[in-house]
Amino acid sequence: MPAIDAWFDEKTLLDMAPPDVFLRGASAAEHGSVQILEHDADHLRARVEDTEVLESEFWLSDGKLRWSCTCGAAEAHPCEHLVASALATWPGEAPSVE
Ligand SMILES: [Zn+2]
């Protein structure tokens, strides 16, 4: 299991993102709007379809989780697209690109 996956459990995500953001992200992941583009030990990049197509990225730096999203709303905490991307790494949640 890639090391970055340790950050993507429900409790850790809820510690980082406000509950309403988490719920919107969970619903986006459930509706299949996330496509994982890259996923390795310290990096996750995904494409999320919302009203526009966004690109969300998590990476590890000095043992801490960092993130960015092209929606521009992911400063203080991960936005719903980032939450959706993280949840999409759970087995069976989203198809990954071969
Ligand atoms: Zn976003």
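Which residue takes a positive phi in the hairpin of β3 and β4? Asp 62 does, with a value near 50°, in a hairpin that has two residues between the strands. Let us start there and then walk through the rest of the model.

First, a word on what you are looking at. This is a predicted model, in which local features need pLDDT of at least 70 and side-chain atom pairs count only at pLDDT 80 or more, while totals for chains, interfaces and linings use all residues. Residues are numbered from 1 along each chain as its sequence is written, and side-chain values use heavy atoms, with hydrogens and water left out. The names of the elements come from DSSP runs, numbered from the N terminus: helices are H or I runs of at least four residues, and strands are E runs of at least two.

Back to Asp 62, which sits in the loop between β3 and β4. This residue has its positive phi although it is not a glycine. Asp 62 counts as exposed because its relative accessible area is 78%. The cut-offs behind such words are simple: buried means under 20% relative accessible area, exposed over 50%, and partly exposed in between, using a 1.4 Å probe and protein chains only.

Now follow the strands away from that loop. Strands of a sheet pair through backbone hydrogen bonds, either parallel or antiparallel. Here, two strands are said to pair if DSSP finds at least two bridges between them. The sheet in this model is open and has four strands in the order β1-β2-β3-β4, with antiparallel pairing. At its edges are β1 (34-40) and β4 (64-69), each pairing on one side only. From one strand to the next, the twist averages 15°.

You can trace the pairs residue by residue. Between β3 and β4 there are six bridges in the antiparallel sense. Ser 61 has Lys 64 in β4 as its bridge partner, and Glu 57 has Ser 68 in β4. On the other side, β2 (residues 43-49) and β3 (residues 53-61) are joined by seven bridges, and a hairpin connects these two strands through three residues. Leu 44 has Phe 58 in β3 as its bridge partner, while Arg 45 stands opposite Glu 57 in β3.

Strand β4 is a good place to look at side chains. In a regular strand the side chains alternate between the two faces of the sheet. Along β4, Leu 65, Trp 67 and Cys 69 point to one face and are buried, whereas Lys 64, Arg 66 and Ser 68 point to the other and are not.

Two of those buried residues lead us to the core. A nonpolar core is a set of buried Ala, Val, Leu, Ile, Met, Phe, Trp, Tyr and Cys residues joined through side-chain atoms within 4.5 Å. The largest one has 28 residues, and Leu 65 and Trp 67 are among those that touch the most other members, a group also including Phe 8, Leu 13 and Phe 58. The elements that give two or more residues to this core are α1, α2, β1, β2, β3, β4 and α3. Leu 13 shows how separate stretches meet: leaving aside neighbours within four places in sequence, Leu 13 is in contact (heavy atoms within 4.5 Å) with Trp 7, Phe 8, Phe 22, Ala 86 and Leu 87. Helix α3 (residues 80-87) lies across all four strands, β1, β2, β3 and β4, and runs at about 70° to β3. That angle lies between N-to-C directions on a scale from 0 to 180 degrees, with axes fitted to C-alpha atoms, for helices over the stretch in contact.

Finally, let us turn to charged partners. Side chains of opposite charge can pair when their charged atoms come close. A salt bridge here is a side-chain nitrogen of Lys or Arg within 4 Å of a carboxyl oxygen of Asp or Glu, and the whole structure has six of them. In one, Asp 15 meets Lys 11 at 3.3 Å, N to O, and both residues are exposed. In another, Arg 24 meets Glu 80 at 3.0 Å, N to O. This pair links distant parts of the chain, with Arg 24 in helix α2 (residues 19-30) and Glu 80 in helix α3, 56 residues apart.
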